[in-house]
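Work through the exercises below with the sequence and the coordinates open. Each task is followed by a solution in steps.

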Amino acid sequence: MLYQIFFALGALIALLLVLICIFALYIAHLRRKFGHIPSAPLTSFFSGHTKDVIACRDAGNPIHSLFLQWHIEYGAIFVCWFMHFPFIVITDPEMVKDILVTSNLPKHFLAYTALGYLFGQRFLGNGLATNVNNEAWKQRRGIMNPAFHRKYLKDLMSSFNATADLLISHLGKMADGKTEVCILEQFGHAALDIICKVAFGMDVDVMSGKDTTFRDAVSLSFEGVHVSQMNPFHKWNVFQYLYQWRVVKAVKFLRETGRKVIEARKHAMARGEEVPDDILQRIIQQQESVPNFDIEDMLDDFVTFFIAGHETTASLLSFCVLELGNHPEIVDSLLEEIHDVLGPKQHVAFDDLAKLKQLGLVLKETLRLYPPAAAGSLRMCEKDAEIGGYKIPANVPIMLSTFASSRSPKYWTKPEEFNPYRFDDEEQLKSSHYNYFPFSLGPRNCIGQNFAQIEAKVLLSRFLQTFNFSLVPGQSRDVHERVTLRPKDGVMCTLTKRN
């Protein structure tokens, strides 16, 4: 009996060793297949560059800062290995142009797996950002476009200013020069207030900060996506099940909120009430034009716009304040411009936006240093292709790192410096078109980029017009990455009112 047990155990160990050898041979075959493409030295045969990526993250740096380092060392195209999965990272402007614009290669499903379904719960599903079928996406994008047209955005100026009024009023209560204010949190509340009202007709009291349910749910969901992407074995991590349950609960809350809002709008339409031609209305209209488009598909777009419509804007404005806090001379110049354009007015008109030129340069430079989606985009060739002189196998993820491209010393002068006026240089502006793509490029660029930039100009100009601000000493400038980039310490400031 004992002999049989030892024999079975030995056979099991032998089988395990055989499987490990087969897996090792498979990995070796893959590595040889990509051996012609530059790559940083592997830290482990089995895990590839995973340890480097985790070490970068644990040090408080964005993962794409590591890609920037490798770009400088190994060139504009290189291969990175997450376990035995290869990713081609590209920063060359001509390759970026070809992939995003000329060829418009399809998105790779792997990048949107966690965004589509998070810990088994439908999150963004097949929404406008995650849909990898170009034809299906094109039809839905065409329906949504009118909600982001210049005419519609012009009509939203009163809403943007109304939220700015709420923000100024709320911050005014803390503008004593002593109270420490978390700028990320405050701009997050303002951006959330805007997206709730102008996109979905939801009048939710978020500016007071008393009810943070929405913001907490979004925050937890984003964090969950990052955890899921960084740990491919999360499904088997029993110690993480409680955390995963909390994330799933947050996602369900967002989708259930969307379900109630959509049903309320449909009931209003059925009663013959006049409804705005907003983003919510466009989401509902897709049901009439897109085959088999049901409530779950509507919720995909609801959650997509709900999240993208405020998380990225809050981070942009916070990073902007962080940089301006270290450049008082730029703040003085901005104040002159705001005074010249707005004068005694407290509301920003649509025609004022183009005149706030320096403010636009500051926002551009902030997006260069801190692009909301640092990865830019993940695409793939549907068949073997040649890119940059290298043969790229079909279906391999091709990562276009806007973070690495926009900080590359090859394409930018003193790229680590915050210098908004670099975008006032015609030659720099022309040469940087495919090295600077915070909202992506080509047909699948971000549909909400104009919305976000108008919103940011209104909120930031009103903030600077009203308050002096000083950064609280001792806070770090670390960047926290969880799908998007955000300031780790939230940008803590003290405020006083301007005369």
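## Exercise 1: a three-stranded sheet

The strands β5, β13 and β10 form, in that order, an open sheet of 3 strands with antiparallel pairing. The model is a predicted one.

Task: state which strands are the edge strands, and describe how β5 and β13 pair.

Solution.
1. The edge strands are β5 (181-182) and β10 (467-471), each of which pairs on one side only.
2. Strand β13 covers residues 492-497 and is joined to β5 by 2 bridges in the antiparallel sense.
3. In this pairing C182 stands opposite M492 of β13.
4. Helix α8 (residues 157-172) packs on the sheet and touches β5, β10 and β13. The direction of α8 makes about 65° with that of β10.

## Exercise 2: a four-stranded sheet

Task: give the strand order of the open sheet that holds β1 and β9, and explain why one side of β1 and of β6 is left without a neighbour in the sheet.

Solution.
1. The order of the 4 strands is β1-β2-β9-β6, and the pairing is mixed.
2. β1 (77-82) and β6 (377-379) stand at the edges; each has a single partner strand, so one side of each has no neighbour in the sheet.
3. On average, and with direction ignored, neighbouring strands of this sheet are turned by 30° against each other.
4. The partner of β1 is strand β2 (residues 85-90): the two run antiparallel and are joined by 6 bridges.
5. Opposite pairs can be read off along these strands: F78 faces V89 of β2, and C80 stands opposite F87 of β2.
6. β1 and β2 form a hairpin with 2 residues between them. M83, in the turn, has a positive phi of about 55°.
7. Although β1 is an edge strand, 5 of its 6 residues are buried, and the strand is mostly covered.
8. Helix α4 (residues 93-102) lies across β1, β2, β6 and β9 (398-400). With β9, α4 makes an angle of about 115°.

## Exercise 3: checking helix lengths

Task: compare the expected and the modelled end-to-end spans of α3, α10 and α11, using 1.5 Å a residue.

Solution.
1. The expected span is 1.5 Å times one less than the number of residues.
2. Helix α3 (residues 63-74) has 12 residues and should span 16 Å; its end C-alpha atoms are 17 Å apart, which agrees.
3. For the 18 residues of α10 the expected span is 26 Å, and the end C-alpha atoms are 26 Å apart, which agrees.
4. α11 has 30 residues and reaches 43 Å from its first C-alpha to its last, close to the 44 Å expected.
5. What follows two of these helices can be noted as well: G75, just after α3, takes a positive phi of about 110°, and G272, after α11, has a positive phi near 80°.

Task: list the buried residues of α3, and name some of those of α10.

Solution.
1. In α3 the buried residues are I63, H64, L66, F67, L68, W70 and H71.
2. The buried residues of α10 include F214, R215, F222, H226 and M230.
3. An α-helix has 3.6 residues a turn, so residues three or four places apart point the same way.

## Exercise 4: the nonpolar cores

Task: identify the residues with the most contacts inside the largest nonpolar core, and the helix that gives the most to it.

Solution.
1. The largest nonpolar core has 115 residues, and F123, F200, L324 and F463 have the most contacts inside it.
2. Helix α9 (residues 183-200) gives the most to this core, with 10 residues.
3. Apart from this core lies another of 22 residues, among them V79, I90, M95 and L400.
4. Leaving aside neighbours within four places in sequence, the contacts of F200 include V261, R265, D278, L280, F302 and F306.

## Exercise 5: two loop residues

Task: decide whether C446 and N231 are buried, partly exposed or exposed.

Solution.
1. C446 is found in the loop between α19 (426-431) and α20 (449-466). An unreviewed UniProt entry places the feature "binding site" at C446.
2. The relative accessible area of C446 is 34%, so C446 is partly exposed.
3. Not counting residues up to four places away in sequence, C446 touches R141 and F439.
4. N231 lies in the loop between α10 (213-230) and α11 (241-270).
5. With a relative accessible area of 21%, N231 is partly exposed; the buried class requires under 20%.
6. The C-alpha atoms of N231 and T50 are separated by 10.0 Å, while the two residues are 181 residues apart along the chain.

Methods
Residues are numbered from 1 along each chain as its sequence is written. This is a predicted model: local features need pLDDT of at least 70, side-chain atom pairs count only at pLDDT 80 or more; totals for chains, interfaces and linings use all residues. Side-chain values use heavy atoms; hydrogens and water are left out. Buried means under 20% relative accessible area, exposed over 50%, partly exposed in between (1.4 Å probe, protein chains only). A nonpolar core is a set of buried Ala, Val, Leu, Ile, Met, Phe, Trp, Tyr and Cys residues joined through side-chain atoms within 4.5 Å. Contact means heavy atoms within 4.5 Å. UniProt positions are given in the numbering used here, feature names are shortened, and annotations may be inferred rather than shown by experiment. Two strands pair if DSSP finds at least two bridges between them. Axes are lines fitted to C-alpha atoms, for helices over the stretch in contact, and angles run from 0 to 180 degrees between N-to-C directions.
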